[in-house]
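Hi,

Here is the structure I promised to pass on. Have a look at it first, and my notes on what turned up follow underneath.

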Amino acid sequence: MPKKRVLGSKKMNSLDKLVLIICLLGCLCAYSGMASVWYDRKAIIINGQRRILLSGSIHYPRSTPEMWPSLIQKAKNGGLDVIQTYVFWNGHEPSPGKYYFEGRYDLVKFIKIIHQAGLYVHLRIGPYVCAEWNFGGFPVWLKYVPGIEFRTENGPFKAKMQAFTEMIVNMMKSERLFEPQGGPIIMSQIENEYGPIEWEIGNPGKIYTKWAAQMAVGLQTGVPWIMCKQDDAPDPIINTCNAFYCEGFYPNKNYKPKMFTELWSGWFTKFGGAVPYRPVEDVAFSVASFIQKGGSFVNYYMYHGGTNFGTTAGRFVATSYDYDAPIDEYGLQREPKYTHLKYLHNAIKMCEPALVSADPTVTNLGRNQEAHVFRSSSGACAAFLANYDTKWSVKVTFGGIQYDLPSWSISILPDCKKEAFNTAKVIPPRFHAHMTPISSFSWQSYVDGTPTADGDGPFSSIGLYEQLNVTRDISDYLWYMTDVVIDANEWFLKSGNYPVLTVMSAGHALHVFINGQPAGDVYGSLDNPKLTYSQKVKLWAGVNKISLLSVAVGLANAGTRFETWNEGILGPVTLTGLNKGTRDLTWQKWSYKIGMKGENLGLDTVSGSSSVEWAEERFMAQKQPLTWYKTTFDAPVGNDPLALDMNTMGKGQVWVNGQSIGRHWPAYKASGDCRPCSYSGWYDENKCLSNCGQASQRWYHVPRSWLKPTGNYLVVFEEWGGDPRDKSITFQYVLGFNSTVCLGNENDIASIEKSVRETTATHEMLFSSEYCTAQAIKYQNVKTAKVTTLGVVIGYTGTDQHLQTTLHIHAKTSVK
């Protein structure tokens, strides 16, 4: 090995100097390639520049690939720099070693679309995600790995977690998706909101945290890793904040940036709960207050919430994951939230040179008012004037100029002089999507029937089994069946005072059948999933068939050791009021059957539906429980989002062309306090609620891309006995800004008039109508117009190749 040349040991000649310069430049280039994304105390640094980064969560499985480009473009147009997403382990590895990255789970395609739009990606690998997602994103098979305990110092868990994390990182590297490779991924996340769990379990949690951090950093992604809600995140991992407000948060080291990885733009809807919403004034206030106190990264959770298709929702979480996000479940802009936040983002970006270069100087402007001023050495200046008073607007003087500050608001002055934005001064109109009925259906039905202990297919055992141990989550449904022999001498047979059957269950819903007849239903809630059925049941002398249908409504997604939580009937099960008092049925012979007969036959598919005989609509029983309904339909004309109105149904599931829309439960009415809500003051998920006394979820999103032009197959499984007839289930256009509607005749115009009849502000809606050509509407440039009695002006413009219809609405808009 040659001796190393010690710099300065002797005089270098010109050739030596040239070689040294080349080597140093090579090292610098290599370093910049390896560290083109890093951080300091002020911000994330990308290619040598500190950045104020505005981000939004969009979860790829909660929308369709056909929706992704539009969602991402809307995010970019709204002023975002970054798209944040979790990686959903149970979607990608449904069985051990069998991977799935297609359709809604095509993670690489999703990231590449983001890259094409010119945005960055924050990839939250986890692989625990919470996210109100089934089992927190863990595959159910993981629970049955021998010796496993989730999220702690446990060898089997760490081995599986590391294998999945490495697989995802290697996939991203192979596709060259990390920023140092020329891709869009600028940050990754390991674990998720683990701090509270670590605090609860103690030392094993601390050991696990250090291991997870070391494992992640060792994967050498070339970008920073973060841990959210993890105050002891080991270096170099950045600890970050998730909450409604994070202005008081600071990272655990003064050389790490202050980051807000989940600013909750609203809240999720649970079955049985009212629908939460968060006023945009307060969302903007939270962003501005975080930035004025040195924050440099803000992510909206969610920017587009989407839909929990199939059975992906967590326990008692609704199928809609709208989250009151700036882009709604259907992909439409929610106004004024979307545009007001866009204006906020513009103002913050104008302040960026000062924000990344200086720390704020704080000046008192009044009793509940203050100014945060950023002045850089280059002369850039930005000011944030805050009024924390929850009741009173005030006038403050700053720099010799007077400013009006509404209550609970912050004004942004990008040049320390002119107000560019105030969080409470909302300019965009308040507009919410309208549902316009467009079609109804003719139905056929099939009654699933009630299995018994001696029927085909069940297996038997002594005692009661926990539900997930039996189903492994391949179905929401598990039948518990047993026989009860009643002696002819039982007194209740003469008196008519029937015995009481009591069934105690860990949840989530229960349907009781005695001798094939329905005998009642009970169900729990997110806050209390356990339930008890206790009712008199009509028994006869001899053998009685007791059939109990236990229904899971998603698996737990959060909590310490949530993988150990139970579902299903665990007992005791008793019969009281007999001659000998109480008979305990818990430890007698029980038979089990997974799923409904219709599920096992594949009635949600066209091919499977031919295996049974369906009753025509005129012969359908009314409000019959455990009934399958099917119909066919043609795709509604246009490109507007579609929703099914399920308001007259009870509980069950819905499929279109074999793809599951999700669980429906409109019969579970929303409870809560839906009093008027002010944006001013501290927000929590119970402050602003809507839909009290109505269905927690009435409308169910049907993606356009799931439909064929004709011959679409719609199936509803109804547990409780809803009635789809009399046009009770209908398709609805979801009309919002930038909708596409073909206005071809008087009926179309009347329909639009009706949809805006309840309106309060003036706005304009643009309807692009390429498909109108198929209906032979041959308007040339502005040839016709119609002024309606509502003041709606409809003009047709465009060419034969591309028709464009502009609808100006001068009427009311409903305000939430």
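One definition before the rest: I call a residue buried if its relative accessible area is under 20%, exposed if that area is over 50%, and partly exposed in between. Please also keep in mind that this is a predicted model.

Tryptophan 408 is a good place to try that out, since a relative accessible area of 3% makes this residue buried. Its ring partner is tryptophan 682: the ring centres are 5.0 Å apart and the planes stand at 80°, so the two are edge-to-face. Tryptophan 408 sits in the loop between strand S17 (401–405) and S18, while tryptophan 682 belongs to the loop between S36 and S37, so this pair ties together parts that are 274 residues apart in sequence. Is tryptophan 682 buried or exposed? With a relative accessible area of 54%, tryptophan 682 is exposed.

The total number of aromatic pairs comes to 61. Another one of them joins phenylalanine 244 to tyrosine 683, also edge-to-face, with 5.0 Å from centre to centre and 80° between the planes. Phenylalanine 244 is in the loop between strand S9 (238–243) and strand S10 (259–264), and tyrosine 683 is in the loop between S36 and S37, so here the parts tied together are 439 residues apart in sequence. Phenylalanine 244 is buried at 8% relative accessible area, and tyrosine 683 is buried at 5%.

Now the cysteines. How many disulfides does the count come to? The answer is four, and I'll go through some of them.

Cysteine 381 and cysteine 416 form one, with their sulfur atoms 1.8 Å apart. The torsion about that S-S bond is about -85°, so the disulfide is left-handed. Cysteine 381 lies in strand S15 (residues 381–387) and cysteine 416 in the loop between strand S18 (409–413) and strand S19 (421–422), so the bond ties together parts that are 35 residues apart in sequence. Cysteine 381 counts as buried at 11% relative accessibility, and cysteine 416 is buried as well, at 10%.

Next is the disulfide between cysteine 674 and cysteine 692, with an S to S distance of 1.9 Å. Its torsion is about 80°, so this disulfide is right-handed. Cysteine 674 is in the loop between strand S36 (659–664) and strand S37 (689–690), and cysteine 692 is in the loop between S37 and strand S38 (699–702), so the parts they tie together are 18 residues apart in sequence. Cysteine 674 is partly exposed, with a relative accessible area of 29%, and cysteine 692 is partly exposed at 25%.

Cysteine 677 and cysteine 688 are joined too, at 1.7 Å from S to S. Both partners are in the loop between S36 and S37, so the bond ties together parts that are eleven residues apart in sequence. Cysteine 677 is partly exposed at 23% relative accessible area, whereas cysteine 688 is buried at 0%.

If you are tracking unpaired cysteines, cysteine 228 is in no disulfide: the nearest cysteine sulfur, in cysteine 241, is 9.5 Å away. Cysteine 228 is buried, with a relative accessible area of 2%. What about cysteine 351? Its sulfur is 8.2 Å from the closest cysteine sulfur, that of cysteine 416, which is too far for a bond. Cysteine 351 also counts as buried, at 1% relative accessibility.

Two arginines caught my eye as well. The charged end of arginine 62 sits over the ring of tyrosine 321, at 3.6 Å from the ring centre. Arginine 151 lies over the face of tyrosine 128, with 3.7 Å to the ring centre.

Last on my list is glutamine 292, which is in helix H8 (residues 280–292). At 0% relative accessibility, glutamine 292 counts as buried. Which side chain does glutamine 292 meet in a polar contact? That of histidine 372, at 3.4 Å. Leaving aside neighbours within four places in sequence, the residues in contact with glutamine 292 include Pro360, Phe374, Phe384 and Ile410.

Cheers

Definitions and conventions
Residues numbered from 1 in each chain as written. Predicted model: local features only at pLDDT ≥ 70, side-chain atom pairs only at ≥ 80, totals over all residues. Heavy atoms only, no water. Disulfide = S-S within 2.5 Å. Helix = DSSP H or I, 4+ residues; strand = E, 2+ residues; numbered from the N terminus. Buried < 20%, exposed > 50% of the residue type's maximum accessible area, 1.4 Å probe, protein only. Phe/Tyr/Trp six-rings, centres within 6.5 Å; stacked < 30°, edge-to-face > 60°. Lys NZ or Arg CZ within 6 Å of the ring centre and 35° of its normal. Polar contact = N/O pair within 3.5 Å; in protein donor to acceptor, adjacent residues only side chain to side chain. Contact = heavy atoms within 4.5 Å.
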